[in-house]
Amino acid sequence: MLNALKGKLGFGKKEGEVIGSPIEGKAVALSEVSDPTFGQEILGKGMAVIPTVGKVVAPVDGRIEMIFDTKHAISMKTAGGAELLIHIGLDTVNLKGEPFTAHVSAGQEVKAGDLMLEFDIEAIKVAGLEIISPVVVCNTPDYKEVKVEAGKHVKVLDEVMTLVK
């Protein structure tokens, strides 16, 4: 009876595409990112993670669109059509790929949880760069709403965004 009532009231149903966290760490609002390109949502809405583990996994099933030569950022298109950019740290392009290891390539299909990148958190900090890592929906205008979960520690694949068409 309770489950039937929950269903009628809309509880327990997920509206839209759910995006898991690609990185373990503290989920924060995109506005906490000091780089205005991300913090002012110029590239789109999303959230960021302050990583505690140097691994990036596919947050959902999809296809790798591009991996930057410097391996500091990756873009993917989800099976649901979202265009995601996962950017490790700020200004990390200047590290020329040093603390990063790519495990995927452009055009590759991935499943949620597949390892895509590894990075050395300490090396990024030693270089004097921020480790906060934005996760942005680059095709934000395609969605009526981008709901974000922030302000808590997340493990990989914990729900951090819901995209509503």
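Reader: What is the relative accessible area of Glu 122?
Author: A note before the value: this is a predicted model. Partly exposed lies between the 20% and 50% cut-offs. Glu 122 counts as partly exposed, because its relative accessible area is 48%.

Reader: How confident is the predictor, and what is the mean pLDDT of the protein chain?
Author: Of the residues in the chain, 92% reach a pLDDT of 70 or more. The mean pLDDT of the protein chain is 92.

Reader: Where does pLDDT stay under 50?
Author: Look at a stretch for which the model has two contacts beyond four places in sequence. There, pLDDT stays under 50. The stretch is residues 1–12.

Reader: Back to Glu 122. Which residue forms a salt bridge with Glu 122?
Author: Side chains of opposite charge can pair when their charged atoms come close. Here the closest N and O atoms are 3.8 Å apart. The cut-off is 4 Å, so the pair counts. The partner of Glu 122 is Lys 125.

Reader: Which helix holds Glu 122 and Lys 125?
Author: Glu 122 and Lys 125 are three residues apart, which means about one helical turn between them. Lys 125 is partly exposed, at 43% relative accessibility. The helix spans residues 121–126 and is H3.

Reader: How many salt bridges does a search of the whole structure find?
Author: Glu 122 with Lys 125 is one of them. Asp 61 with Lys 111 is another, at 3.9 Å from N to O. The search of the whole structure finds six.

Reader: How many residues apart in sequence are the parts that Asp 61 and Lys 111 tie together?
Author: Asp 61 lies in the loop between strand S4 (55–57) and strand S5 (62–67). Lys 111 lies in the loop between strand S9 (109–110) and strand S10 (115–119). The pair therefore ties together parts whose separation in sequence is 50 residues.

Reader: Is Lys 111 buried or exposed?
Author: Start with its partner: Asp 61 has 34% relative accessibility and counts as partly exposed. For Lys 111 the value is 53%. Exposed means over 50%. Lys 111 is therefore exposed.

Reader: Which residue meets Lys 152 in a salt bridge?
Author: The N to O distance in this pair is 3.5 Å. Lys 152 is partly exposed, with a relative accessible area of 36%. Its partner is partly exposed too, at 35%. That partner is Glu 149.

Reader: Which residue is the bridge partner of Lys 152 in strand pairing?
Author: Lys 152 sits in strand S13 (residues 152–154), which pairs with S2 in the antiparallel sense over three bridges. Strands of a sheet pair through backbone hydrogen bonds. The bridge partner of Lys 152 is Ala 27.

Reader: What stands opposite Val 28 in S3?
Author: Strand S2 (residues 25–29) and strand S3 (residues 45–51) pair in the antiparallel sense. Five bridges join S2 and S3. Opposite Val 28 stands Ala 48.

Reader: In what order do the strands S1, S12 and S14 lie in their open sheet?
Author: Find the edges: strand S1 (17–20) and strand S12 (145–148) each pair on one side only. S1 pairs with strand S14 (residues 159–164) over four bridges, with Gly 20 opposite Glu 159. The order is S1-S14-S12.

Reader: Which residue is the bridge partner of Lys 55 in S10?
Author: Three strands form an open antiparallel sheet in the order S4-S10-S8. Its edge strands are S4 and strand S8 (100–102). S4 and S10 pair over three bridges. In S10, the partner of Lys 55 is Glu 118.

Reader: Is Ser 133 buried or exposed?
Author: Ser 133 is in strand S11 (residues 133–137). Beyond four places in sequence, its contacts include Ile 23, Met 47, His 87 and Gly 89. Its relative accessibility is 0%, so Ser 133 is buried.

Reader: Which residue's backbone oxygen lies 2.8 Å from a polar atom of the side chain of Ser 133?
Author: The side chain of Ser 133 supplies one polar atom of this pair. The backbone oxygen belongs to Ile 131.

Reader: What is the relative accessibility of Thr 70?
Author: Thr 70 is in the loop between S5 and strand S6 (73–78). Beyond four places in sequence, Thr 70 is in contact with Val 93, Lys 96, Gly 97 and Phe 100. Thr 70 counts as buried, because its relative accessibility is 15%.

Key. Residues numbered from 1 in each chain as written. Predicted model: local features only at pLDDT ≥ 70, side-chain atom pairs only at ≥ 80, totals over all residues. Heavy atoms only, no water. Pairing = 2+ DSSP bridges. Helix = DSSP H or I, 4+ residues; strand = E, 2+ residues; numbered from the N terminus. pLDDT = per-residue confidence, 0-100. Contact = heavy atoms within 4.5 Å. Salt bridge = Lys/Arg side-chain N within 4 Å of Asp/Glu carboxyl O. Buried < 20%, exposed > 50% of the residue type's maximum accessible area, 1.4 Å probe, protein only. Polar contact = N/O pair within 3.5 Å; in protein donor to acceptor, adjacent residues only side chain to side chain.
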